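Here is a quick tour of the charged pairs in this protein. Have the structure open while you read.

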Amino acid sequence: MKKIEQSKNYTGTELDNLFFRPMLSGDSADKLGVRVLYNMPVPTILSFWHRNPDVLQKYTNSGWSGGSATERTQRTINMSRVKAEASYSASDYFSLVLEEIACRPEINLQDLSGTDLEKAETALFKEAIAESIRVTMWLGNSELEDYPYNSFDGFLKTIIDESKKDDTEMIEDSYTSEVIANTDFAEIVLDLAWGNANETLRNLKSEGNLAFFVSSDVYNAYNMFLDRASYESAFLARQTGRNELCWHGIPLIDTQVSEYLDSSKLPHSYVILTDRRNLALAVNTSDFPGTEVSMWYNPDEMENRQRAVFMAGCGILMPELVSYLHYSI
C-alpha cells in the first residue's frame with residue numbers, strides 16, 4: 001500500500017503565501033460577497049465615515065466654518081482562536097492526493113517529487129478550510145456545544161441577536177411548499193425585505209453594493225418565477241441558464257448553506273438585504289502565537305492528519321442597515 005509519510009509544518013510567510021492569502025484575496029474573496037479583512041491590525045475594527053451634509057458654506061474672506069469633525073461609526077470584530085482538523089486513512093489520503101495531480105500534463109506519475117505531493121496536499125486541505133470558514137461565517141453559533149460550527153457567531157445569529165437587542169420587529173411568515181412552487185413567492189418575500197428597509201439603506205442602492213443574501217429555496221424560487229415570464233429572453237435563459245439573478249438591479253446571492261442548516265437551530269429560509277460592505281469576515285494568521293498548519297502521518301492509527309490553527313471572526317458594522325426576514329415552510 002502506498003502512503004505519504006513526510007510531515008509538513010507551515011508558519012509565518014509560508015502559512016500566509018501558501019494557504020490563507022490565496023483563498024482570502026482576489027476572486028476567492030469576491031465570491032464570498034462580503035468584506036474580507038485578512039491580517040488587519042488586531043483588534044480588527046470596522047469603520048464607516050458619515051458624510052457631512054452641510055460642507056458647502058457661504059464664502060467669507062476669513063475664518064473657518066467647517067463645522068464639527070466628520071462622524072465615524074466603529075465596531076470591533078471579536079475574533080476567536082479556531083482550529084481545522086481532518087484525518088484520512090493512509091490509502092484514502094494517497095488516492096485523494098494522487099487524484100488532485102493526475103490530470104496535470106506536467107506531472108510524471110512514475111516519478112512524483114515531494115513538491116508535487118506537497119502542492120496537492122496543500123490544495124486538498126485549503127479547500128476544506130475555505131468551506132468551513134464560509135459555512136461558519138453564515139451559520140456560526142458559539143452557544144451550541146454539540147455543533148460543528150460553533151467556533152464563532154456567524155451573520156445569521158448576529159443579525160437575530162441584534163434585532164432582539166434593539167427590539168426590532170422581524171418579519172416571519174409561513175408558506176407551504178405548494179405555494180412556493182406555484183406562486184410568485186420569491187417576488188413576495190423580496191418585496192417584503194425591500195419594504196421593511198429603512199430609507200438610509202434604500203438610498204445606498206445608487207452606490208451599487210446592495211445585495212440580497214438568501215437561502216437556496218428563495219434563490220431557486222425566484223429563478224422559477226423568472227422562467228414563467230412569457231418573453232423571448234426568459235425562454236433563452238431557461239435554455240442557457242442565468243449567471244446572476246437580480247431584483248430591480250439588486251443581485252441575489254445564494255448563501256449555499258442549506259445542507260448544514262438542520263443542526264444549526266437557525267431559520268432555514270431567509271432573506272437579508274444589506275450593503276456588502278456592512279458584512280465583514282476577519283481572519284488573522286500573523287498576530288497570535290501558535291498559528292500554523294501541520295500535516296503528518298500517524299503510524300499507530302495508519303492515518304494522515306491535517307491541522308490548522310488561526311484566528312477568525314465576523315461582524316456587522318451597522319445592524320440598522322440590515323433588512324431581515326425569515327419564514328417557515
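## A pair at the surface edge

Start with Glu 207: its relative accessible area is 36%, so it counts as partly exposed. Keep in mind that you are looking at a predicted model. Which residue does Glu 207 meet in a salt bridge? The partner is Arg 277, with 2.6 Å from N to O between the two side chains. The two sit in distant parts of the chain, 70 residues apart. Glu 207 is in the loop between α8 (199-203) and β7 (210-214), while Arg 277 is in the loop between β10 (269-275) and β11 (279-284).

Arg 277 is partly exposed too, with a relative accessible area of 34%. Being buried would take a value under 20%, so neither partner makes that cut, at 36% for Glu 207 and 34% for Arg 277.

## A buried pair

Now look at Lys 8 and Glu 121. Their side chains form a salt bridge at 2.6 Å, N to O. Lys 8 belongs to strand β1 (residues 8-10) and Glu 121 to helix α4 (residues 114-139), so this contact ties together parts of the chain that are 113 residues apart in sequence.

Are these two residues buried or exposed? Both Lys 8 and Glu 121 are buried.

## A pair out in the open

Lys 83 and Glu 85 also pair up, with a salt bridge of 3.4 Å from N to O. Lys 83 has 56% relative accessibility and so counts as exposed. Exposed means over 50%, and Glu 85 comes in at 45%, so it is classed as partly exposed.

## A charged network

Salt bridges don't have to come as isolated pairs here: Glu 143, Asp 153, Lys 157 and Asp 161 are linked in a network of them. How many salt bridges turn up across the whole structure? The search finds 12.

## The chain as a whole

Stepping back, the chain has 10 helices and 14 strands. It is 329 residues long, and 44% of those residues are buried. If you take the contacts with a separation of 6 or more, 76% of them are between residues 24 or more positions apart.

As for the outside, the chain exposes about 18,200 Å². Carbon and sulfur atoms supply 47% of that area.

Conventions. Residues numbered from 1 in each chain as written. Predicted model: local features only at pLDDT ≥ 70, side-chain atom pairs only at ≥ 80, totals over all residues. Heavy atoms only, no water. Helix = DSSP H or I, 4+ residues; strand = E, 2+ residues; numbered from the N terminus. Buried < 20%, exposed > 50% of the residue type's maximum accessible area, 1.4 Å probe, protein only. Contact = heavy atoms within 4.5 Å. Areas by Shrake-Rupley, 256 points an atom, 1.4 Å probe, with all protein chains shown as cover. Salt bridge = Lys/Arg side-chain N within 4 Å of Asp/Glu carboxyl O.
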